[in-house]
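This report concerns the open spaces of a protein model, the helices that border them, and the state of the cysteines. The sequence and the structure are shown first.

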Amino acid sequence: AFTSLASHKGAAQALTLSSSFLLPAIATPAALRSIAPPPPTLPAGASTHEQRFLRMMQAMNPHRGYLGRSGPALEKHTVLGLVLRLGIPPEHPSVSQGFSNAATRTVNDVSSTTEGLRRQLGVYQEAIHAFWKAILRSGSIGREKLMAWVGDALLVNSGATAMRTDKSKVCHPQTLLNLCAVLLKLCDPFLGQEGKIRLI
């Protein structure tokens, strides 16, 4: 749907000019604003003892907030971030169950599961690539805004290569994986062609 929208130049420009396309500028009040996710709600019908236990667990493991200009803000509050954050998170039960009891399964069975997940992700990344290309072809405004978004993504995720990343500062690995895949696909027209590389 986004690709169809972005294929119309006027709609693509309107999308890139919307307030939810880019992160707030550096050092602005919106960039320094702390965004705290709401605490999880208690399940209906929980007894007094269960409610007390759950509140104690919430106090021991509080949900950390994030700044208005950060990795989590990029993937939760910008149009491109919301598109890139979708994927196949390894910690999700539907993914991890596909590799349960891997030691007792055949190599072909595990490989088949892996290839199936790769195909799903590849189809989605192709769709993201088509969406980005449509924005790039919409005109100079779209190109400038898209490049500004990529610059913001690189700046707020400078700590993503740390051994223990701070999840309140950087994007989820799935978002970064999709971003890298799309940027590489955009380089396809000139990769491996020395004549075109010299023109850059």
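## Pockets, helix α10 and cysteines

With four residues, α8 gives the most to the lining of the second largest pocket. The model is a predicted one. Two elements each give two or more residues to the lining of this second largest pocket, namely α8 (107-136) and α10. The complete lining consists of I88, P90, V95, F99, T114, L117, R118, L121, P173, Q174 and L177. By class, these lining residues divide into eight nonpolar, two polar and one charged.

The largest pocket is lined by 20 residues. Those nearest its centre are E75, K167, V170, C171 and H172. The elements that give two or more residues to the lining of the largest pocket are α5 (71-77) and α10 (173-186). The largest share, three residues, comes from α5. The table sets out the two pockets by volume and by the composition of their linings.

| Pocket | Space | Nonpolar | Polar | Charged |
|---|---|---|---|---|
| Largest pocket | about 610 Å³ | eight residues | five residues | seven residues |
| Second largest pocket | about 190 Å³ | eight residues | two residues | one residue |

Helix α10 contributes two or more residues to the lining of the largest pocket, and also two or more to that of the second largest pocket. How does the span of α10 compare with what its 14 residues should give at 1.5 Å a residue? The expected span is 20 Å, and the end C-alpha atoms of α10 are 20 Å apart, so the two values agree.

The buried residues of α10 are Q174, T175, N178, L179, A181, V182 and L186. They lie on the same side of α10, because the arc they cover around the axis is only 165 degrees. The exposed residues P173 and L184 are carried on the face of α10 turned away from its buried side. Two of the residues named here also belong to the second largest pocket: Q174 and P173 are among its lining residues.

The cysteines can be considered next. How many disulfides does a search of the whole structure find? The search finds zero. For C171, the closest cysteine sulfur is that of C180, and the two sulfurs are 11 Å apart, which is too far for a bond. For C180, the closest cysteine sulfur is in C187, and this distance of 11 Å is likewise too far for a bond. A pair would count as a disulfide only with its sulfur atoms within 2.5 Å. The surroundings of C171 and C180 can also be described. C171 counts as buried because its relative accessible area is 5%, under the limit of 20%. C180 is partly exposed, at 47% relative accessibility. C171 is also one of the residues nearest the centre of the largest pocket.

Two loop positions complete the description. A27 lies in the loop between α2 (9-16) and α3 (29-32). Although A27 is not a glycine, it has a positive phi of about 65 degrees. Its relative accessibility is 60%, so A27 counts as exposed. L191 is found in the loop between α10 and α11 (194-198). This residue is partly exposed, with a relative accessible area of 46%. L191 and M163 are 28 residues apart along the chain, and their C-alpha atoms are separated by 31 Å.

Definitions and conventions. Residues numbered from 1 in each chain as written. Predicted model: local features only at pLDDT ≥ 70, side-chain atom pairs only at ≥ 80, totals over all residues. Heavy atoms only, no water. 1 Å grid on protein atoms, 1.4 Å probe; cavity = no way out; pocket = protein on both sides within 12 Å on 5 of 7 lines; lining within 4 Å. Points joined across faces, edges and corners; volume = space filled by probe spheres on them. Nonpolar A, V, L, I, M, F, W, Y, C, P; charged D, E, K, R; others polar. Buried < 20%, exposed > 50% of the residue type's maximum accessible area, 1.4 Å probe, protein only. Expected span 1.5 Å × (residues − 1). Arc of directions from axis to C-beta.
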